[in-house]
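Here are my notes on the model, set out as numbered points. Please read them with the structure open.

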Amino acid sequence: MADNQKTELRKQELRHEYLARRRAMSQAAAAEASSRICRNLEDFLAEHWRGGAVFSYLAYGQEVDLRSLHPQLWQRGCSVAVPRTIGLPEGLMQARYLHADSQLEKSSLGVWEPAASAELCPPEQIAAALMPGVAFDKTGGRLGHGGGYYDRFAAQLPAAALLIGVGYEWQIVASVPQEDWDKQLDFLVTEEKVYTF
């Protein structure tokens, strides 16, 4: 078996295991951990944010829910953008500005996202990207759902943009299999702490 096939097989195994663990989380446990992660992110961004938009997301399933973070960012004068998928099934997404009164709709993938009429946030305006994942490691590796959406989007961001993983402490594994196109994180924020890479 070729190395790239072994890497893909290991990714699939990790996805299967860690998505099952995430689905098994109670809503109460996910809400409590999400609240703690949002507080850690708020403190982190208060220290590191120097202007520009923060690219966030709207949680799907038991992903870390960042809804309580968004009003805190708006109060600081920070613009918040979230993904809107385009060109399915090619795995492309755009950043669209999110406001308290934004109209949302469900994508064909079942993810809430801004309506097509929402204002586009150019990638060059993004100073920090909050990136969910299925699993993470302590060297900046991130395993997504396998569609490549976040890796392709992160490749469009300015070199100075911070790539910040957002996950539960239990999602940290010894090593996430990486391929050339996988983007490395600068930080990982969990309910326990902030990891710097």
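1. Start with Ser-35, which sits in helix α2. Keep in mind that the model is predicted. Ser-35 has a relative accessibility of 29%, so it counts as partly exposed. Its C-alpha lies 8.7 Å from that of Val-64, and 29 residues separate the two along the chain.

2. Move one residue back to Ser-34. Ser-34 also belongs to helix α2. Is Ser-34 buried or exposed? Its relative accessibility is 5%, so Ser-34 counts as buried. The cut-off for that class is under 20%. Outside the residues up to four places away in sequence, Ser-34 touches Glu-63, Val-64, Asp-65 and Tyr-168. Val-64, then, appears twice: as a contact of Ser-34, and as the partner in the C-alpha distance from Ser-35.

3. Now take α2 as a whole. The helix covers residues 27-48 and has 22 residues. From first C-alpha to last, α2 reaches 30 Å, close to the 32 Å expected at 1.5 Å a residue. Which residues of α2 are buried? They are Ala-30, Ala-33, Ser-34, Ile-37, Cys-38, Leu-41, Phe-44 and Leu-45. These residues cover an arc of only 150 degrees around the axis, so they sit on the same side of α2.

4. Look next at both faces of α2. The buried residues pack against α3, β6, β9, β10 and β11. In residue numbers, β6 is 126-132 and β9 is 162-166. The face turned away from the buried side carries Ala-28, Asp-43 and Glu-47, which are exposed.

5. Lys-193 is worth a look here. It lies in the loop between β10 (187-189) and β11 (194-196), and both strands are packed against by the buried residues of α2. Lys-193 is partly exposed because its relative accessibility is 42%. Neighbours within four places in sequence aside, Lys-193 is in contact with Asn-40, Glu-169 and Leu-188. The C-alpha atoms of Lys-193 and Arg-36 are separated by 9.6 Å, although the two residues are 157 apart along the chain.

6. Compare Gln-94, using Arg-36 again as the reference. The C-alpha atoms of Gln-94 and Arg-36 are separated by 28 Å, with their places 58 residues apart along the chain. Gln-94 is found in strand β3, residues 92-98. Its relative accessible area is 21%, so Gln-94 is partly exposed. Not counting residues up to four places away in sequence, Gln-94 touches Val-82, Pro-83, Arg-84, Ile-86, Leu-120 and Phe-153.

7. Turn to helix α1, residues 3-24. α1 has 22 residues and reaches 32 Å from its first C-alpha to its last, close to the 32 Å expected at 1.5 Å a residue. Its buried residues are Thr-7, Lys-11, Leu-14, Arg-15, Tyr-18, Leu-19 and Arg-22. Seen down the axis, they fall within an arc of 125 degrees, so they line one face of α1. On the other side of α1, His-16 and Ala-24 are exposed. What do the buried residues of α1 pack against? They pack against β8, residues 142-143.

8. Check the largest pocket. About 720 Å³ of space lies in it. The lining has 35 residues, and the closest to the centre are His-145, Gly-147, Gly-148, Tyr-149 and Tyr-150. Five elements each supply at least two lining residues: α1, β2 (80-86), β5 (112-114), β8 and α4 (149-154). By class, the lining has 15 nonpolar, 9 polar and 11 charged residues.

9. Last, the second largest pocket. About 390 Å³ of space lies in this one. Its lining has 21 residues, and Leu-58, Ala-59, Asp-65, Arg-67 and Trp-112 are the closest to the centre. Asp-65 is also a contact of Ser-34. α2 and α3 (69-75) each supply at least two residues of the lining. Which helix gives the most? α2 does, with 4 residues. By class, the lining has 11 nonpolar, 7 polar and 3 charged residues.

Terms used. Residues numbered from 1 in each chain as written. Predicted model: local features only at pLDDT ≥ 70, side-chain atom pairs only at ≥ 80, totals over all residues. Heavy atoms only, no water. Expected span 1.5 Å × (residues − 1). Buried < 20%, exposed > 50% of the residue type's maximum accessible area, 1.4 Å probe, protein only. Arc of directions from axis to C-beta. Contact = heavy atoms within 4.5 Å. 1 Å grid on protein atoms, 1.4 Å probe; cavity = no way out; pocket = protein on both sides within 12 Å on 5 of 7 lines; lining within 4 Å. Points joined across faces, edges and corners; volume = space filled by probe spheres on them. Nonpolar A, V, L, I, M, F, W, Y, C, P; charged D, E, K, R; others polar.
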